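Work through these exercises with the model open. Try each task before reading its solution.

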Amino acid sequence: MTDISKAPDRIAGMFDAIAARYDFLNHFLSAGIDRRWRKRAVRSLGLTGRERVLDLCTGTADLAIAAAAAAPGARVVGVDFAGAMLRVGIDKLRPRGLMSRIALLRGDATRIPLADASVDAVTIGFGIRNVEDMDAAACEMHRVLAPNGRLAILEFAVPTLPLLSGVYRWYLNRVLPRIGRAISHHNAAYGYLPESIGAFASPDEFMTILRNAGFADVGAVPLTFGTVLLYTARRG
């Protein structure tokens, strides 16, 4: 069985090791649908272009870029603890002319390096399951959000329909790791991925974590036959 320890140094090192191939594999393994998931998450925030947005666990900044593209004028801060991933993200900002609108910072989701009530929206794209202490991260997201600020979190899930669930688990456990290892040349990362999806909190459990942190209007919207969930909430 793959080690699914979420010690910050281990997770950061694993993602740093695959940073150069991370974007290609995301798009390839999802058949490009990941772009639509990000657009859907940003759309749920109802941005007007005047907001300050935090993209937590930003990785290579795809979701931060999607937020900036959807709301010209918005300012975005991306935070991640994997330095190599952030460097890839910075290389993507320059040709898009986004260096003045998106700032990428190295930091931990359980100790966000921003002031209280300093952002209007928070996003996470497929990173919350990699956080060792999700309760602490939820409290931190609530802390940095301004009153009535919006939250949108994308995370993988296992479909509930029996036949689809079986096919999806076969893909996760048999196909995805082999392709990921062949392209990234990293054994642990693409063994960790399916294990971490299976071990993640159920939708009800994760929504309870958000409510306990003080969020209101907490919901979960299934995307692409339930293989991804979009969690939304508002700071109460």
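The exercises below cover one helix and several salt bridges.

This is a predicted model, in which local features need pLDDT of at least 70, side-chain atom pairs count only at pLDDT 80 or more, and totals for chains, interfaces and linings use all residues. Residues are numbered from 1 along each chain as its sequence is written, and side-chain values use heavy atoms, with hydrogens and water left out.

**Exercise 1. Check the span of helix 5 against its expected value.**

Step 1. Helices (H or I, at least four residues) and strands (E, at least two) are DSSP runs, numbered from the N terminus. Helix 5 covers residues 83-96, which is 14 residues.
Step 2. The expected span is 1.5 Å times one less than the number of residues. For helix 5 that gives 20 Å.
Step 3. The end C-alpha atoms are 21 Å apart, which agrees.
Step 4. Look just past the helix: Gly-97 follows, and its phi is positive, near 70°.

**Exercise 2. List the buried residues of helix 5 and find what covers them.**

Step 1. Apply the cut-offs: buried is under 20% relative accessible area, exposed is over 50%, and partly exposed is in between (1.4 Å probe, protein chains only).
Step 2. The buried set is Gly-83, Ala-84, Met-85, Leu-86, Gly-89, Lys-92 and Leu-93.
Step 3. Search for contacts (heavy atoms within 4.5 Å). The cover includes helix 1 (8-17), helix 2 (19-29), helix 4 (62-70), strand 2 (75-80) and strand 3 (102-106).

**Exercise 3. Find the salt-bridge partner of Asp-23 and place the pair in the fold.**

Step 1. A salt bridge needs a side-chain nitrogen of Lys or Arg within 4 Å of a carboxyl oxygen of Asp or Glu. By this rule the count is 11.
Step 2. Asp-23 pairs with Lys-92, with the closest N and O atoms 2.8 Å apart. Asp-23 lies in helix 2 and Lys-92 in helix 5, so the pair ties together parts 69 residues apart in sequence.
Step 3. Check burial. Asp-23 counts as buried at 14% relative accessibility, and Lys-92 counts as buried at 13%.
Step 4. Widen the view: a network of salt bridges links Asp-23, Asp-34, Arg-38, Asp-62 and Lys-92.

**Exercise 4. Analyse the salt bridge between Glu-140 and Arg-143.**

Step 1. The closest N and O atoms are 2.7 Å apart.
Step 2. Both residues sit in helix 6 (residues 134-144), 3 residues apart, so about one helical turn separates them. An α-helix has 3.6 residues a turn, so residues three or four places apart point the same way.
Step 3. Glu-140 counts as buried at 14% relative accessibility. Arg-143 is partly exposed at 23%.
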